Amino acid sequence: MSRVDELNRVLRSLQAGTPDIEAAAVISEDGLVIASALPQHIEEVRVAGMSATILSLGSRAVHELGRGNLEQVLVRGKDGYIVLGNASPGTLLLILTTREAKLGLIFLDMNRAIENIKKIL
């Protein structure tokens with residue numbers, strides 16, 4: 001099984017285990033999709049670029065404001081959340097959730113997925 005297949009398995013498991021997670025992707029810091037479980041109507045290239053930019057801004061903000069190393073970026077929209085986290089050096093995990101998502105459970109599942117992603121990468 002290739003590393004991409006293993007990453008896709010982690011993403012599918014993440015979605016299957018938490019009904020409030022609508023989509024997930026592993027993206028490089030420079031904005032390239034490594035693995036994804038995104039709906040077809042979402043353009044991967046655009047999502048990857050935006051995610052890399054948001055994570056970069058978050059990293060700069062925590063550094064400039066003396067908050068230590070960046071762990072997550074959370075964006076709340078009317079219809080749900082976008083959660084970004086460092087998956088390993090040079091990669092990030094993107095999760096899209098429903099509006100009703102329990103963030104504590106999302107963060108717990110996200111951290112477990114990140115540990116699995118680190119082992120694969």
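User: In what order do the 5 strands of the open sheet come?
Analyst: This is a predicted model, and its open sheet has 5 strands with antiparallel pairing. At the edges sit β2 (33-37) and β3 (72-77), each of which pairs on one side only. Reading across the sheet, the order is β2-β1-β5-β4-β3.

User: And how much is the twist from one strand to the next, on average?
Analyst: Strands of a sheet pair through backbone hydrogen bonds, either parallel or antiparallel. Here the pairing is antiparallel. Going from one strand to the next, the twist averages 15°.

User: Which residue in β5 stands opposite I21?
Analyst: Look at β1 (residues 21-28) and β5 (residues 91-97), which pair in the antiparallel sense over 7 bridges. Opposite I21, in β5, you'll find T97.

User: What is the bridge partner of A24 in β2?
Analyst: β1 and β2 run antiparallel, and 4 bridges join them. Their hairpin has 4 residues between the strands, and there G31 takes a positive phi near 90°. As for A24, its bridge partner in β2 is A37.

User: At about what angle to β5 does helix α2 run?
Analyst: Let's take the two helices in turn. Helix α1 (residues 3-17) lies across β1, β2 and β5, and runs at about 35° to β2. Helix α2 (residues 44-64) lies across β1, β2, β3, β4 (80-88) and β5. Its angle to β5 is about 110°.

User: Which element gives the largest share of the lining of the largest pocket?
Analyst: The largest pocket has a volume of about 210 Å³. Of the 13 residues lining it, V47, M50, I82, L94 and L96 are the closest to its centre. At least two lining residues come from each of α2, β4 and β5. The largest share, 4 residues, is from α2.

User: How many residues of that lining are nonpolar, how many polar and how many charged?
Analyst: The lining of the largest pocket is made of 13 residues. Sorted by class, they come out as 8 nonpolar, 3 polar and 2 charged.

User: Is D109 buried or exposed?
Analyst: D109 has its place in helix α3 (residues 103-120). Leaving aside residues up to four places away in sequence, D109 touches L14 and T18. The cut-off for buried is under 20% relative accessible area. D109 has a relative accessible area of 17%, so it counts as buried.

Notes: Residues are numbered from 1 along each chain as its sequence is written. This is a predicted model: local features need pLDDT of at least 70, side-chain atom pairs count only at pLDDT 80 or more; totals for chains, interfaces and linings use all residues. Side-chain values use heavy atoms; hydrogens and water are left out. Two strands pair if DSSP finds at least two bridges between them. Axes are lines fitted to C-alpha atoms, for helices over the stretch in contact, and angles run from 0 to 180 degrees between N-to-C directions. Contact means heavy atoms within 4.5 Å. On a 1 Å grid over the protein atoms alone, a cavity is a set of points where a 1.4 Å probe fits but cannot get out, and a pocket is an open set with protein on both sides within 12 Å along at least five of seven lines; lining residues have an atom within 4 Å of a point. Grid points are joined across faces, edges and corners, and a volume is the space filled by probe spheres set on the points. Ala, Val, Leu, Ile, Met, Phe, Trp, Tyr, Cys and Pro count as nonpolar, Asp, Glu, Lys and Arg as charged, and the others, Gly among them, as polar. Buried means under 20% relative accessible area, exposed over 50%, partly exposed in between (1.4 Å probe, protein chains only).
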